[in-house]
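Student: I should like to learn how terms such as "buried" or "pocket" are justified for a protein model. May we go through one together?

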Amino acid sequence: MLRTFGYLLLAGCALQAQAKVDATQAARLGQDLTPLGGERAGNAAGTIPAWDGGLATPPAGYEPGMHHPDPYASEAPRFVIDGKNLGQYEQLLTPGHKALLQAHPEYKLRVFPTHRSAAAPQRIYDATRFNAENGALIAGGNGVEGVAAGVPFPIPANGLEAIWNHILRYRGEQIHFTTNQAAVLANGSYNLLKLERDIYFVYGREGMTPGKLENTLFFYKYRVVAPAKLSGSALVVQETLDQVLSIRKAWRFNRGERRVRRLPMLAYDTLQPDTNGLATADVVDSYNGAPDRYEWQLLGKQEMLVPYNSYAVHQKGIPYQQILKTSYVNPELLRYEQHRVWVVEATLRKGFSHPYAKRRFYLDEDSWQVLAVDLYDKDGGLIGMQESHPISYYDVPMFGSTLETIYDFVGDRYFVDGLDNNEPMYDFKAVLSPRDFTPQALRREGN
């Protein structure tokens, strides 16, 4: 959700303008559909409740600056899935989850009661209603027009519109935060990399209109805090919305050289440093960057067991070694629920190369957060899986991941980002401005 790049950068996106949703369809938002386009009603079996506004206010006992208390901490799992009984639930499981369960008999999915906790400010709902009738894909899908602040395509017509909903979902206005990432090897060993980060979102700001965007999505900056040998290195990114029209601008301060360098465009299958070859540029935030190398297909909506309300792994003071187990994140700290998800399949176009020749994305209907991704090679083999473990940051309110993972099934390894249990909690009211995201500011960060 909020990691946004680690060390790497991504790139820009690829269709001519699509027909907009008519007023009759748009009027469904806030009626039989949620304000962001999900089905308001629950399912027939009663395992998915109706959306009632989400978790938009902090629970009793919450104070600003706390790691968000778990409002569902007293609940027990409805059932637990492991390698022995996964056949009973396989229709609700992604291929990636089934592969992880089959490979590790001791692994399990703890499935809890479903809570549709995703929420956003009313102004985001209002902007989404406007976008529904005015938004369109442009530049072959590399950009959008006529939209700002809200979800661009709450009633999507195709896979490109759905993935843009994820890219442009609301994530607050500005954030200062510190998190750790780690590449966990097959033997369980890892090294933590601590990053102090700032993001200044432009698209989702209060009062934003399409005319004010000036093709800017957000500004991003990080500084390496630890280990000591990397401490002081820093990066700043000026992220554009349509990266065909104008590519991303990025500069890096190298502590050893004591100078700021403009970086070339880094995108697609470029490997991120310090991830042990586990993370390409475009897996950040589940998917980020240009969609032009893939064909996108909207497969429809499906009920699935997915990571959700992952407050247990978010709590303050948990030692990172308790979270990072050999081969997988500690399942005792993870929570899965039954939700409806949009299923989007991306197939690599001829003439391009990427370790992931096909990806299948599972997007939450209530927030457009990608919750899981199946990763396939050119021969159709399932070689990996991504997960986003989300919570409702009810103090904003905003729904997004607190922890993100990438599993390499071939090497029995995984990469994790977002470890913040022993760091200060995200500051969504940090005082930031675009002036903090310039090459000059980057030099100051490195000193």
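Tutor: We may begin with F79, which lies in strand β1, made up of residues 79–81. Please bear in mind that this is a predicted model.

Student: Why is F79 called buried?

Tutor: The term requires a relative accessible area under 20%. F79 has 16% relative accessibility, so F79 counts as buried.

Student: Which residues is F79 in contact with, leaving aside its neighbours within four places in sequence?

Tutor: F79 is in contact with Y89, L109, R110, V111 and L305. Each of them has heavy atoms within 4.5 Å of F79, because that is what contact means. I406, by comparison, is 327 residues from F79 in sequence and 25 Å away in space, C-alpha to C-alpha.

Student: What makes F218 count as buried?

Tutor: F218 lies in strand β7. Its relative accessibility is 1%, and the limit is 20%, so F218 is buried. Between F218 and A357 there are 29 Å in space, C-alpha to C-alpha, and the two are 139 residues apart in sequence.

Student: What is noteworthy about the phi of N215?

Tutor: Phi of N215 is near 60°, which is positive, and N215 is not a glycine. Most residues other than glycine have a negative phi. N215 is found in the loop between β6 (192–201) and β7. With a relative accessible area of 17%, under the limit of 20%, N215 is therefore buried.

Student: How do you know that S286 is buried, and what is its phi?

Tutor: The relative accessible area of S286 is 4%, and a value under 20% is required, so S286 is buried. Its phi is positive, about 75°, although S286 is not a glycine. S286 is placed in the loop between β10 (259–262) and β11 (294–307).

Student: Which peptide bond is cis at P227, and which at P397?

Tutor: A cis peptide bond joins A226 and P227, with omega of about 5°. The bond from V396 to P397 is also cis, and its omega is near -5°. Most peptide bonds are trans. P227 sits in the loop between β7 (216–226) and β8 (234–240), while P397 sits in the loop between β17 (382–393) and β18 (398–408).

Student: What makes a group of residues a nonpolar core?

Tutor: The members must be buried residues of nonpolar kinds, joined through side-chain atoms within 4.5 Å. The largest such core has 82 residues, and those with the most contacts inside it are V144, W164, L168, W296 and F361. Its largest share, six residues, comes from β7.

Student: Why is the core that includes L93 called a second core?

Tutor: A core is a set joined through side-chain atoms within 4.5 Å, and this set of 29 residues is separate, so it is named as a second core. It includes L93, Y336, L403 and V416.

Student: What volume does the largest pocket have, and which residues are closest to its centre?

Tutor: The volume is about 310 Å³. Of the 19 residues that line this pocket, D395, V396, D427, F428 and K429 are the closest to its centre. The lining divides into ten nonpolar, four polar and five charged residues.

Student: Which residues are closest to the centre of the second largest pocket, and which strand supplies the largest share of its lining?

Tutor: Among its 15 lining residues, Y190, N191, L192, L193 and D274 are the closest to the centre. The largest share of the lining, three residues, comes from β5. The volume of the second largest pocket is about 230 Å³, and its lining has eight nonpolar, five polar and two charged residues.

Student: What makes a space a cavity, and which residues line the second largest one?

Tutor: In a cavity, a 1.4 Å probe fits but cannot get out. The second largest cavity has a volume of about 100 Å³. Its lining includes L36, A118, I124, R169, D366 and F399. By class, nine of the lining residues are nonpolar, one is polar and two are charged.

Student: How confident is the predictor in this chain?

Tutor: The chain averages a pLDDT of 92, and 94% of the residues score at least 70. Over residues 4–17, however, pLDDT stays under 50.

Methods: Residues numbered from 1 in each chain as written. Predicted model: local features only at pLDDT ≥ 70, side-chain atom pairs only at ≥ 80, totals over all residues. Heavy atoms only, no water. pLDDT = per-residue confidence, 0-100. Helix = DSSP H or I, 4+ residues; strand = E, 2+ residues; numbered from the N terminus. Buried < 20%, exposed > 50% of the residue type's maximum accessible area, 1.4 Å probe, protein only. 1 Å grid on protein atoms, 1.4 Å probe; cavity = no way out; pocket = protein on both sides within 12 Å on 5 of 7 lines; lining within 4 Å. Points joined across faces, edges and corners; volume = space filled by probe spheres on them. Nonpolar A, V, L, I, M, F, W, Y, C, P; charged D, E, K, R; others polar.
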